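Colleague: I would like a close look at a single part of this model, namely the sheet with its aromatic cluster and whatever surrounds it. Please take me through it in one connected account.

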Amino acid sequence: MAGPLIVTAELATRDFAWLDQLRRAHYPAERNRLPAHLTMLHALPPSAEAEVRRALSRLASEPPPHASIEGLMDLGGGLAFRVASADLDNIRRELAEHFHGLLSTQDSGGWRPHVTIQNKVPPKDARALLARLREGFQPRPLGISGLGLHRYLGGPWEDLAAYSFRGR
């Protein structure tokens with residue numbers, strides 16, 4: 001059977017390059033199966049794929065959302081950049097309402113938008129990196145270029161489609 005569907009906010013090229021470089025530098029290589037990403041929905045049923053594609057295409061017909069990196073999140077055994085965006089919150093809420101009844105427990109429990117840089121490391125290592133990155137941290141804009149659809153394959157993801165936002 002096909003794996004669950006994942007919906008992401010696609011990171012703009014420059015921001016993706018910066019975040020992915022940090023992820024490759026700090027995420028244990030043997031466990032890092034994915035590039036930097038911003039997950040909006042973690043597990044929609046494969047049977048909803050056509051409907052998900054239609055919804056993402058419709059939502060991407062709008063201008064790109066405004067977003068920013070506003071801080072760091074302590075994950076215990078790792079860390080992430082906290083993303084703030086009323087626009088993405090609205091898109092995520094619309095998707096959650098549309099697919100209500102099909103959402104996983106994780107997706108039903110709310111959304112804390114973030115991009116994970118490090119995970120699955122000893123807490124002392126995570127705290128050290130968190131302290132280092134907090135020094136001189138400044139909020140910064142985060143470019144969002146589109147919405148992505150992926151299939152979970154037990155670790156890695158299969159890229160199914162990317163829906164680019166229309167220009168401003």
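Modeller: In this predicted model, a convenient place to begin is the pairing of strand β3 (residues 68–74) with β4, two strands that run antiparallel and are joined by six bridges. Within that pairing, Gly71 stands opposite Arg82 of β4. The two strands belong to an open sheet of four strands, ordered β5-β4-β3-β6 and paired in antiparallel fashion. At its edges stand β5 (114–118) and β6, and because each of these has a single partner strand, one side of each is left without a neighbour in the sheet. Helix α1 lies across β3, β4, β5 and β6, and runs at about 35° to β5.

The aromatic residues of this region come next, and the count of aromatic pairs is two. In one of them the ring centres of Trp18 and Phe81 are 5.2 Å apart and the planes meet at 35°, so the pair is classed as tilted, since stacking would need planes under 30 degrees apart. Trp18 belongs to helix α1 (residues 13–26) and Phe81 to strand β4 (residues 79–84), so this pair ties together parts that are 63 residues apart in sequence. The two partners can also be described by accessibility: Trp18 counts as partly exposed at 26% relative accessibility, whereas Phe81 is buried, with a relative accessible area of 3%. Phe81 also forms an aromatic pair with Phe137, and this one is stacked, with 6.3 Å from centre to centre and 25° between the planes. Here too distant parts of the chain are linked, as Phe81 is in strand β4 while Phe137 is in the loop between α5 (123–134) and β6 (140–141), 56 residues apart. Phe137 is partly exposed, its relative accessible area being 23%. Through these ring pairs, Trp18, Phe81 and Phe137 are linked into a cluster.

Charged groups also meet aromatic rings in this model. The charged end of Arg140 sits over the ring of Trp18, at 3.7 Å from the ring centre, so that Trp18, already a member of the cluster, has a charge over its ring as well. In a further case, the charged end of Arg23 sits over the ring of Tyr27, 4.3 Å from the centre of that ring.

Beyond this sheet, a hairpin is worth following for its own pairing. Strand β7 (residues 144–152) and strand β8 (residues 157–164) run antiparallel and are joined by seven bridges, and Tyr152 has Trp157 in β8 as its bridge partner. Four residues lie between the two strands of this hairpin, in which Gly154 takes a positive phi near 80°. Trp157 is also among the residues in contact with Thr8, a list that, with neighbours within four places in sequence left aside, includes Leu38, Met40, Gly146 and His150. Thr8 itself is placed in strand β1 (residues 5–11) and is buried, with a relative accessible area of 1%, while its side chain makes a polar contact of 2.5 Å with the side chain of Glu10.

Terms used:
Residues are numbered from 1 along each chain as its sequence is written. This is a predicted model: local features need pLDDT of at least 70, side-chain atom pairs count only at pLDDT 80 or more; totals for chains, interfaces and linings use all residues. Side-chain values use heavy atoms; hydrogens and water are left out. Two strands pair if DSSP finds at least two bridges between them. Rings of Phe, Tyr and Trp (its six-membered ring) pair if their centres lie within 6.5 Å; planes under 30 degrees apart count as stacked, over 60 as edge-to-face and the rest as tilted. Buried means under 20% relative accessible area, exposed over 50%, partly exposed in between (1.4 Å probe, protein chains only). A charge sits over a ring if NZ of Lys or CZ of Arg is within 6 Å of the ring centre and within 35 degrees of the ring normal. A polar contact is a pair of N or O atoms within 3.5 Å; within protein, one must be able to donate a hydrogen and the other to accept it, and residues adjacent in sequence count only if both atoms are side-chain atoms. Contact means heavy atoms within 4.5 Å. Axes are lines fitted to C-alpha atoms, for helices over the stretch in contact, and angles run from 0 to 180 degrees between N-to-C directions.
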